[in-house]
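Here are my notes on this one, set out as numbered points. Have the model open while you read.

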Amino acid sequence: MGRYTLMRLGIFAGCLVVVWGLVYSGIAPRGLGDSNYMWVVLLSLVISAPISFVVLRKERDRASAQVVARVDRIKANLEGNRSQEDIADDTTRGAQGQTS
(Lines give C-alpha, C1' and ligand atoms only; values in the text may rest on other atoms or scores of the structure.)
Protein backbone atom coordinates (compact mmCIF):
# COMPACT_ATOMS: atom_id res chain seq x y z
CA MET A 1 0.00 0.00 0.00
CA GLY A 2 2.90 2.32 0.72
CA ARG A 3 4.35 1.74 -2.72
CA TYR A 4 1.02 2.62 -4.37
CA THR A 5 0.77 5.80 -2.29
CA LEU A 6 4.31 6.85 -3.21
CA MET A 7 3.65 6.20 -6.89
CA ARG A 8 0.46 8.24 -6.73
CA LEU A 9 2.27 11.11 -5.00
CA GLY A 10 4.93 10.92 -7.70
CA ILE A 11 2.34 11.28 -10.43
CA PHE A 12 0.81 14.25 -8.58
CA ALA A 13 4.24 15.88 -8.16
CA GLY A 14 4.94 15.45 -11.88
CA CYS A 15 1.59 16.99 -12.78
CA LEU A 16 2.24 19.83 -10.34
CA VAL A 17 5.55 20.65 -12.01
CA VAL A 18 4.02 20.51 -15.50
CA VAL A 19 0.99 22.64 -14.57
CA TRP A 20 3.19 25.14 -12.74
CA GLY A 21 5.36 25.45 -15.85
CA LEU A 22 2.33 25.89 -18.11
CA VAL A 23 0.78 28.56 -15.86
CA TYR A 24 3.95 30.57 -15.46
CA SER A 25 4.80 30.35 -19.15
CA GLY A 26 1.36 31.76 -19.97
CA ILE A 27 0.02 28.70 -21.80
CA ALA A 28 -2.50 27.89 -19.06
CA PRO A 29 -4.55 30.66 -17.41
CA ARG A 30 -3.49 32.15 -14.09
CA GLY A 31 -5.72 32.20 -11.02
CA LEU A 32 -7.34 35.38 -9.80
CA GLY A 33 -5.25 37.52 -7.45
CA ASP A 34 -3.47 35.47 -4.80
CA SER A 35 -5.31 32.25 -5.70
CA ASN A 36 -2.73 31.22 -8.29
CA TYR A 37 -1.07 28.62 -6.04
CA MET A 38 -4.44 27.06 -5.19
CA TRP A 39 -5.32 27.02 -8.91
CA VAL A 40 -2.11 25.18 -9.76
CA VAL A 41 -2.64 22.58 -7.00
CA LEU A 42 -6.30 21.97 -7.89
CA LEU A 43 -5.57 21.67 -11.60
CA SER A 44 -2.76 19.22 -10.79
CA LEU A 45 -5.13 17.12 -8.67
CA VAL A 46 -7.74 17.04 -11.43
CA ILE A 47 -5.17 15.99 -14.02
CA SER A 48 -3.31 13.44 -11.85
CA ALA A 49 -6.44 11.55 -10.68
CA PRO A 50 -7.38 9.95 -14.03
CA ILE A 51 -3.72 9.37 -14.89
CA SER A 52 -3.24 7.50 -11.59
CA PHE A 53 -6.45 5.56 -12.16
CA VAL A 54 -5.25 4.24 -15.52
CA VAL A 55 -1.50 3.94 -14.99
CA LEU A 56 -1.57 2.42 -11.49
CA ARG A 57 -4.34 -0.13 -12.11
CA LYS A 58 -2.09 -3.19 -11.60
CA GLU A 59 -0.45 -1.71 -8.51
CA ARG A 60 -3.86 -0.81 -7.04
CA ASP A 61 -5.11 -4.37 -7.63
CA ARG A 62 -1.98 -5.77 -5.97
CA ALA A 63 -2.42 -3.48 -2.94
CA SER A 64 -6.09 -4.41 -2.75
CA ALA A 65 -5.23 -8.12 -2.72
CA GLN A 66 -2.81 -7.52 0.16
CA VAL A 67 -5.44 -5.64 2.14
CA VAL A 68 -8.03 -8.39 1.54
CA ALA A 69 -5.55 -11.07 2.64
CA ARG A 70 -4.75 -9.11 5.80
CA VAL A 71 -8.44 -8.63 6.64
CA ASP A 72 -9.15 -12.34 6.07
CA ARG A 73 -6.25 -13.29 8.35
CA ILE A 74 -7.53 -10.95 11.09
CA LYS A 75 -11.05 -12.37 10.76
CA ALA A 76 -9.69 -15.91 11.06
CA ASN A 77 -7.72 -14.94 14.19
CA LEU A 78 -10.80 -13.34 15.75
CA GLU A 79 -12.91 -16.41 15.00
CA GLY A 80 -10.19 -18.63 16.50
CA ASN A 81 -10.15 -16.50 19.65
CA ARG A 82 -13.95 -16.68 19.90
CA SER A 83 -13.95 -20.45 19.63
CA GLN A 84 -11.24 -20.70 22.31
CA GLU A 85 -13.32 -18.49 24.60
CA ASP A 86 -16.40 -20.66 23.97
CA ILE A 87 -14.47 -23.83 24.78
CA ALA A 88 -13.02 -22.29 27.95
CA ASP A 89 -16.48 -21.07 28.97
CA ASP A 90 -18.07 -24.47 28.33
CA THR A 91 -15.30 -26.19 30.29
CA THR A 92 -15.75 -23.81 33.22
CA ARG A 93 -19.51 -24.25 33.25
CA GLY A 94 -19.15 -28.02 33.02
CA ALA A 95 -16.73 -28.09 35.94
CA GLN A 96 -19.05 -25.91 38.03
CA GLY A 97 -22.02 -28.13 37.23
CA GLN A 98 -20.19 -31.26 38.40
CA THR A 99 -19.14 -29.76 41.74
CA SER A 100 -22.68 -28.60 42.64
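1. Is Ile-47 buried, partly exposed or exposed? Keep in mind that this is a predicted model. Ile-47 has a relative accessibility of 34%, so it counts as partly exposed, because the buried class stops under 20% and the exposed class begins over 50%. You'll find Ile-47 in helix H2, which covers residues 36–55.

2. Ile-47 also has some greasy company. Together with Ile-51, Phe-53, Val-54 and Val-55, Ile-47 makes up a nonpolar patch on the surface. The accessible area of these residues together is about 450 Å².

3. Now the overall layout. The chain has 3 helices and 0 strands, and the pattern along the sequence reads α-α-α. Helix H1 takes in residues 2–25, helix H2 runs over residues 36–55, and helix H3 spans residues 57–99.

4. A few totals for the chain. Of its 100 residues, 15% are buried. The accessible surface is about 7,800 Å², and carbon and sulfur atoms account for 65% of that surface. If you take the contacts between residues at least 6 apart in sequence, 65% of them join residues at least 24 apart.

5. On to the salt bridges: how many are there? The count comes to 2. One of them pairs Glu-59 with Arg-3, with 3.8 Å between the closest N and O atoms. Glu-59 sits in helix H3 and Arg-3 in helix H1, so this pair ties together parts that are 56 residues apart in sequence. If you want to check that 3.8 Å distance yourself, the cut-off for a salt bridge is 4 Å.

6. Glu-59 also meets Arg-62 in a salt bridge, at 2.9 Å from N to O. Here both partners belong to helix H3, 3 residues apart, or about one turn of the helix. Put the pairs together and you get a network of salt bridges linking Arg-3, Glu-59 and Arg-62.

7. How does burial look across that network? Glu-59 is buried, its relative accessible area being 11%. Arg-3 counts as exposed at 54% relative accessibility, while Arg-62 is partly exposed, with a relative accessible area of 41%. So the acid that takes part in the network is under the 20% limit for buried residues.

8. Which rings form the aromatic pair that has its centres 5.1 Å apart? A search of the whole structure turns up 1 aromatic pair. It consists of Trp-20 and Tyr-24, whose ring planes stand at 45°, so the pair is tilted. Planes under 30 degrees apart would count as stacked and those over 60 as edge-to-face.

9. Both of those aromatic residues lie in helix H1, 4 residues apart, about one turn of the helix. Trp-20 is partly exposed at 48% relative accessibility, and Tyr-24 is partly exposed too, at 32%.

10. Tyr-24 has another partner worth a look. Its side chain is joined to that of Asn-36 by a polar contact of 2.9 Å. Asn-36 lies in helix H2 and counts as buried, with 7% relative accessibility. Setting aside residues up to four places away in sequence, Asn-36 touches Val-23, Tyr-24, Arg-30 and Gly-31.

11. Further along helix H2 there is Ser-48. Is Ser-48 buried or exposed? At 6% relative accessibility, Ser-48 counts as buried. Its contacts, leaving aside neighbours within four places in sequence, are with Ile-11, Phe-12 and Cys-15.

12. Last, take a look at Val-17 in helix H1. Val-17 is exposed, with a relative accessible area of 56%. How far is Val-17 from Val-41 in space? The C-alpha to C-alpha distance is 9.8 Å, and the two valines are 24 residues apart in sequence.

Note on methods: Residues numbered from 1 in each chain as written. Predicted model: local features only at pLDDT ≥ 70, side-chain atom pairs only at ≥ 80, totals over all residues. Heavy atoms only, no water. Patch = residues over 30% accessible without salt bridge, like charges linked within 9 Å, V, L, I, M, F, W, Y side chains within 5 Å. Areas by Shrake-Rupley, 256 points an atom, 1.4 Å probe, with all protein chains shown as cover. Salt bridge = Lys/Arg side-chain N within 4 Å of Asp/Glu carboxyl O. Helix = DSSP H or I, 4+ residues; strand = E, 2+ residues; numbered from the N terminus. Buried < 20%, exposed > 50% of the residue type's maximum accessible area, 1.4 Å probe, protein only. Phe/Tyr/Trp six-rings, centres within 6.5 Å; stacked < 30°, edge-to-face > 60°. Contact = heavy atoms within 4.5 Å. Polar contact = N/O pair within 3.5 Å; in protein donor to acceptor, adjacent residues only side chain to side chain.
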